[in-house]
Amino acid sequence: MFMQAVVIEVYLDQLLVIDLDTRQDVIVNTLASRQFRPGYVVNIWYDGIMTNSIPPQINALQITVDQSNVFPPAPPVRPCPPNVCLPNIRPPFIWPPILFPPVVRPPVRPPVGRPPVRPPVVPPPRPPVGRPPVRPPAGPPPRPPVGPPPRPPVGPPPRPPVGPPPRPPETSCGPPPRPPVGPPPRPPVGPPPRPPVGPPPRPPVGPPPRPPVGPPPRPPVGPPPRPPVGPPPRPPVGRPPVRPPAGRPPNPPGRPR
């Protein structure tokens, strides 16, 4: 196959060229890479195989220089005295535009499997039904009373009423019962009873009494005792003998000792 390109860079056994038909960078593998310079327009014959690398590569069979499109070399710089010769200004070299192939991406496949579970839809809360709450009165809060606190009443306390107490209402016939006449009963005279002197009684020292060891006592075996047979004894017949008490007789009542 045939390709016309412009040499961009020269490497060892390789040339980096730009295809004038597709505006694409191509690496050309050739053993005669040292014979070319950047800017040469070359005609390349290759075997028609181009790799899929970036940039693609080809194996050249023959490369020739297109003499009609070779850029002229720069003229040699001649020495001149200062402030006499104008500087040699070479026009800038404009490289051909580089067009990159479009990037083709594979289509996105849809997800395989069940769709994601959506959260349950919760309705918004309903407003309360009924009268709205009573709002507090608008405005600043009430101020506390200004001034000293109230003074207590000055003077002696009120005296109790003088005179007999009021009589209760008569509910039964007759005058009410009179209170007892005389002085009230006096309290007992003398010192109060003293508490017991001495330490309090001590608790019993020693282990508590043990319960009896062994089986409980058995009831008597056999028939119950028989009552005495025969008539009961007779009481003594006659008066009992009266004996005076031993010692001094007691004084009769009403007589001083």
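This note goes through the strand arrangement, an aromatic pair and a pocket of a predicted model.

1. On the overall fold of the sheet, five strands close into a barrel, and their order around it is 1-2-3-5-4, with mixed pairing. Averaged over neighbouring strands of this sheet, and with direction ignored, the turn of one strand against the next is 55 degrees.

2. The pairing at the start of that order is antiparallel: strand 1, covering residues 2-11, and strand 2, covering residues 14-19, are joined by six bridges. A reader who wishes to locate this pairing in the model may take Ala5, whose bridge partner in strand 2 is Asp19.

3. Strand 5, residues 57-65, has a parallel pairing with strand 3, residues 25-29, and three bridges join the two. Within this pairing, Asn29 has Asn59 of strand 5 as its bridge partner.

4. Strand 5 is also joined to strand 4, residues 41-46, but here the two run antiparallel and the number of bridges is five. One of the residues to inspect is Trp45, which has Gln62 in strand 5 as its bridge partner. Taken together, the parallel pairing of strands 3 and 5 and the antiparallel pairing of strands 4 and 5 illustrate the mixed character of the barrel.

5. Trp45 deserves a second look for its side chain, since a search of the whole structure finds one aromatic pair, and the partners are Phe2 and Trp45, with ring centres 5.1 Å apart. The planes of the two rings stand at 55 degrees, which is not over the 60 degrees required for edge-to-face, and the pair is therefore classed as tilted. The contact links distant parts of the chain, given that Phe2 lies in strand 1 and Trp45 in strand 4, 43 residues apart.

6. As to the surroundings of this pair, Phe2 has a relative accessible area of 45% and is partly exposed; Trp45, with a relative accessibility of 34%, is likewise counted as partly exposed. Both values fall between the limits of 20% for buried and 50% for exposed, so neither ring-bearing residue is assigned to the buried class.

7. A separate point concerns the second largest pocket, for which a volume of about 250 Å³ is computed. Its lining includes Gln24 and Asp25, the run of residues Thr51, Asn52, Ser53, Ile54, Pro55 and Pro56, and also Leu99, Phe100 and Pro101. By residue class, the lining of this pocket comprises six nonpolar residues, four polar ones and one charged.

Technical notes
Residues are numbered from 1 along each chain as its sequence is written. This is a predicted model: local features need pLDDT of at least 70, side-chain atom pairs count only at pLDDT 80 or more; totals for chains, interfaces and linings use all residues. Side-chain values use heavy atoms; hydrogens and water are left out. On a 1 Å grid over the protein atoms alone, a cavity is a set of points where a 1.4 Å probe fits but cannot get out, and a pocket is an open set with protein on both sides within 12 Å along at least five of seven lines; lining residues have an atom within 4 Å of a point. Grid points are joined across faces, edges and corners, and a volume is the space filled by probe spheres set on the points. Ala, Val, Leu, Ile, Met, Phe, Trp, Tyr, Cys and Pro count as nonpolar, Asp, Glu, Lys and Arg as charged, and the others, Gly among them, as polar. Two strands pair if DSSP finds at least two bridges between them. Helices (H or I, at least four residues) and strands (E, at least two) are DSSP runs, numbered from the N terminus. Axes are lines fitted to C-alpha atoms, for helices over the stretch in contact, and angles run from 0 to 180 degrees between N-to-C directions. Rings of Phe, Tyr and Trp (its six-membered ring) pair if their centres lie within 6.5 Å; planes under 30 degrees apart count as stacked, over 60 as edge-to-face and the rest as tilted. Buried means under 20% relative accessible area, exposed over 50%, partly exposed in between (1.4 Å probe, protein chains only).
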